[in-house]
Amino acid sequence: MNNLERIEELRRTTKLPHEDMAALISTISDEEAKVLYKNAREVREKYYGKDVYLRGLIEFTNNCKNNCYYCGIRRGNEKAERYRLSLDDILACCKTGYEMGYRTFVLQGGEDPYFTDERMAEIVRAIKEKYPDCAITLSVGEKEKETYALWKEAGADRYLLRHETINPAHYSKLHPAELSIAHRVQCLYDLHDLGYQVGCGMMIGSPYQTIDNLVEDIEFMHGFQPEMAGIGPFIPHKDTPFRDQPAGTLKDTLHLLAILRLSMPQVLLPATTALGTIHPQGREMGLLAGANVIMPNLSPTGVRDKYMLYNGKICTDESASLCANCMERRVSSTGYQIKVSRGDCVKVSGN
Ligand code: SAH
């Protein structure tokens, strides 16, 4: 097969033999990439039309008990200025977001022991009581199934837990020994089992990542069938062990977005903040390569520059309302439009 045949086969069957997927990723030309993106847009428009869904991201704590080598809020980063939002702060973010048209709130944070299972459940209940028409997404790392069940019961709808890399040897180069891909994958299956809409995913161009690793990640996701796939370029942070590692590239990330769209036609695919960080129009290009979700920052301006997962993170000095205008402009520049809705995966909502 040549690359155009590979793209056609991928669109028709949602799969490619491992070697062909590896060859497509590593040899695709700029001209072929245009064909890939066009196919990705057609598939995304078949299921989601021109709609772009927004998720209001509330980064409610940058305290973390883990020490992932790539992450700026890792336990070992003594330079990170730590913060936590109170329940009132979080509800104020939701209020601002609701008025701006957000119908999904994503609570993301480090693995912070202060937020016990019961405290998190209280937060979820409080948001759900005030905003019953909104979806609540949690992204707070690896927990026991009982904990996930408690939060589901409290009203959580979705959970984001990137698998980071499915290859155990690669996983151990990105994380300390106490963390394992086996446990992370167990969490993903537990979440699905409990009825959560689940997001997994990986960084593109993370240190030591090979093309084979990326193909393995695609194959894992094709089997797991998440409702969302979150991918973005790795970007180094100056106070981590990976400070001198090169960032992932715009092109590789766009190729992967489009390939994931063709592999999982109905998946929700965010154009991430990291993509917007490596290129000023990165997110717009992501939308034109098959992405259909954007997750604008709803965190209070005072803490935004403290949730520094990587250097150069955008949108850390604006107020949330400025963000809304900017989103509107960016999305309409692509010919797509913001849709005020929970933005469920069509697999789940049956639309
Ligand atoms: N503690 C939660 C949330 C982690 S932050 C959890 O464990 O799921 C969300 C995502 O940011 C991570 O899953 C990781 O893929 C990404 N991330 C972290 N550091 C990064 C970096 N240096 N460059 C790009 N993405 C990064």
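Mentor: A disulfide is a pair of cysteine sulfur atoms within 2.5 Å, and this cut-off is the one to keep in mind while reading the cysteines of this predicted model.

Trainee: How many disulfides does a search of the whole structure find?

Mentor: The search, run over the whole structure, finds zero disulfides.

Trainee: Why is there no bond at the sulfur of Cys64?

Mentor: The general idea is to look up the closest cysteine sulfur and to compare the distance with the cut-off of 2.5 Å. For Cys64 that closest sulfur belongs to Cys68 and lies 6.3 Å away, which is too far for a bond. Cys187 can be read in the like manner, because its closest cysteine sulfur, in Cys200, is 13 Å away and therefore also too far. Cys187 is, in addition, a buried residue, with a relative accessible area of 1%.

Trainee: Turning to the ligand, which residues come nearest?

Mentor: There are 17 residues around the ligand, and of these Tyr70, Gly109, Arg162, Glu164 and Ile235 come nearest. By class, the shell divides into 10 nonpolar, four polar and three charged residues.

Trainee: Which atoms of Arg162, Glu164 and Ile235 should I look at?

Mentor: For a polar contact one looks for N or O atoms within 3.5 Å. In the side chain of Glu164, an N or O atom is 2.5 Å from an oxygen atom of the ligand, while a polar side-chain atom of Arg162 lies 2.9 Å from a ligand oxygen atom. Ile235 uses its backbone, where an N or O atom lies 2.7 Å from a nitrogen atom of the ligand.

Trainee: How much of the ligand's accessible area does the protein cover?

Mentor: On its own the ligand has 560 Å² of accessible area, of which the protein covers 91%; the space that the ligand takes is the largest cavity.

Conventions. Residues are numbered from 1 along each chain as its sequence is written. This is a predicted model: local features need pLDDT of at least 70, side-chain atom pairs count only at pLDDT 80 or more; totals for chains, interfaces and linings use all residues. Side-chain values use heavy atoms; hydrogens and water are left out. A residue is near a molecule or strand if one of its heavy atoms lies within 4 Å of it. A polar contact is a pair of N or O atoms within 3.5 Å; within protein, one must be able to donate a hydrogen and the other to accept it, and residues adjacent in sequence count only if both atoms are side-chain atoms. Accessible areas come from the Shrake-Rupley method with a 1.4 Å probe; for residues, only the protein chains shown count as cover. On a 1 Å grid over the protein atoms alone, a cavity is a set of points where a 1.4 Å probe fits but cannot get out, and a pocket is an open set with protein on both sides within 12 Å along at least five of seven lines; lining residues have an atom within 4 Å of a point. A molecule sits in a cavity or pocket if more than half of its atoms lie within 2 Å of its grid points. Ala, Val, Leu, Ile, Met, Phe, Trp, Tyr, Cys and Pro count as nonpolar, Asp, Glu, Lys and Arg as charged, and the others, Gly among them, as polar. Buried means under 20% relative accessible area, exposed over 50%, partly exposed in between (1.4 Å probe, protein chains only).
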